[in-house]
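Reader: I should like to learn how to read a protein model feature by feature. Please take me through one, giving the general idea before each case.

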Amino acid sequence: DEDVCAVGFDGLCYNLLDAILKGFKPGEILWGQDGNEVYPVQVKTRNQQRFGFGVGSKGTWELRLFTPLDMVTGEAVQKLYPRKFFVHSYGATDDNPYGVGIGRTIWWNVFFKKQGVK
């Protein structure tokens, strides 16, 4: 899912821009440890289809990971893996944590263009 040509912080920013098209983009932080210090080694962006949102115990939206054990509601990632996942969203509101990507608007244009070429 990650782009090969962009690496490091620039690559992370480039991959998170996918949220503008699709609405949200989850990221996973891989942590390293050197003695008493804990630091982020790498951040990998993940496929949106593996994640969803649910209402947490405090009444706020929480990121949920669809697993083989729970493919419908998913499992809360902050309980399973604290400080491991984050979400970059575009156009998200209090009522819609998924965001509103521009892909929603341009999808039909691309679809009809491809059908016309066929």
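Author: The secondary structure of this protein comes to 4 helices and 6 strands, where helices (H or I, at least four residues) and strands (E, at least two) are DSSP runs, numbered from the N terminus. The model is a predicted one, in which local features need pLDDT of at least 70 and side-chain atom pairs count only at pLDDT 80 or more, while totals for chains, interfaces and linings use all residues. Residues are numbered from 1 along each chain as its sequence is written, and side-chain values use heavy atoms, with hydrogens and water left out.

Reader: Which pattern does the protein follow along the sequence?

Author: The pattern along the sequence is α-α-β-β-β-β-β-α-β-α. Taken along the principal axes, the C-alpha atoms fill a box of roughly 60 × 40 × 30 Å. Of the 118 residues, 30% count as buried; buried means under 20% relative accessible area, exposed over 50%, and partly exposed in between (1.4 Å probe, protein chains only).

Reader: How should I read a sheet, and in what order do the strands that include strand 1 form one?

Author: Strands of a sheet pair through backbone hydrogen bonds, either parallel or antiparallel. Two strands are taken to pair if DSSP finds at least two bridges between them. Here 3 strands form an open sheet in the order 2-1-6, with antiparallel pairing. Strand 2 (37–45) and strand 6 stand at the edges with a single partner strand each, so one side of each is left without a neighbour in the sheet. Neighbouring strands of this sheet are turned by 30 degrees against each other on average, direction ignored; the axes are lines fitted to C-alpha atoms, for helices over the stretch in contact, and angles run from 0 to 180 degrees between N-to-C directions.

Reader: How many bridges join strand 1 to strand 2, and how many join strand 1 to strand 6?

Author: Strand 1 (residues 24–34) pairs with strand 2 over 8 bridges in the antiparallel sense. Glu 28 has Lys 44 of strand 2 as its bridge partner, and Ile 29 has Val 43. In the hairpin of these two strands, which has 2 residues between the strands, Gly 35 takes a positive phi near 70 degrees. Strand 1 and strand 6 are joined by 5 bridges and run antiparallel, with Lys 25 opposite His 88 in strand 6.

Reader: Is Val 41 buried or exposed?

Author: Val 41 has its place in strand 2 and counts as exposed, because its relative accessibility is 56%. The C-alpha atoms of Val 41 and Ile 29 are separated by 7.6 Å, although the two residues are 12 residues apart along the chain.

Reader: In what order do the strands of the sheet that includes strand 4 stand?

Author: These 3 strands form an open sheet in the order 3-4-5, again with antiparallel pairing. Strand 3 (51–55) and strand 5 (70–76) are at the edges, each with a single partner strand, so one side of each is left without a neighbour in the sheet. The twist averages 50 degrees from one strand to the next. Strand 3 and strand 4 pair over 5 bridges in the antiparallel sense, and Val 55 stands opposite Trp 61 in strand 4.

Reader: Which residues lie nearest the centre of the largest pocket?

Author: The search uses a 1 Å grid over the protein atoms alone: a cavity is a set of points where a 1.4 Å probe fits but cannot get out, a pocket is an open set with protein on both sides within 12 Å along at least five of seven lines, and lining residues have an atom within 4 Å of a point. The largest pocket is lined by 13 residues, of which Phe 53, Trp 61, Glu 62, Leu 63 and Val 87 lie nearest its centre. Strand 4 (61–67), helix 3 (77–80) and strand 6 (85–89) each supply at least two residues of this lining, and strand 6 gives the largest share, 4 residues.

Reader: What should I note about Arg 83?

Author: Arg 83 lies in the loop between helix 3 and strand 6. Its phi is near 60 degrees, a positive value in a residue other than glycine. Arg 83 counts as exposed, at 67% relative accessibility.
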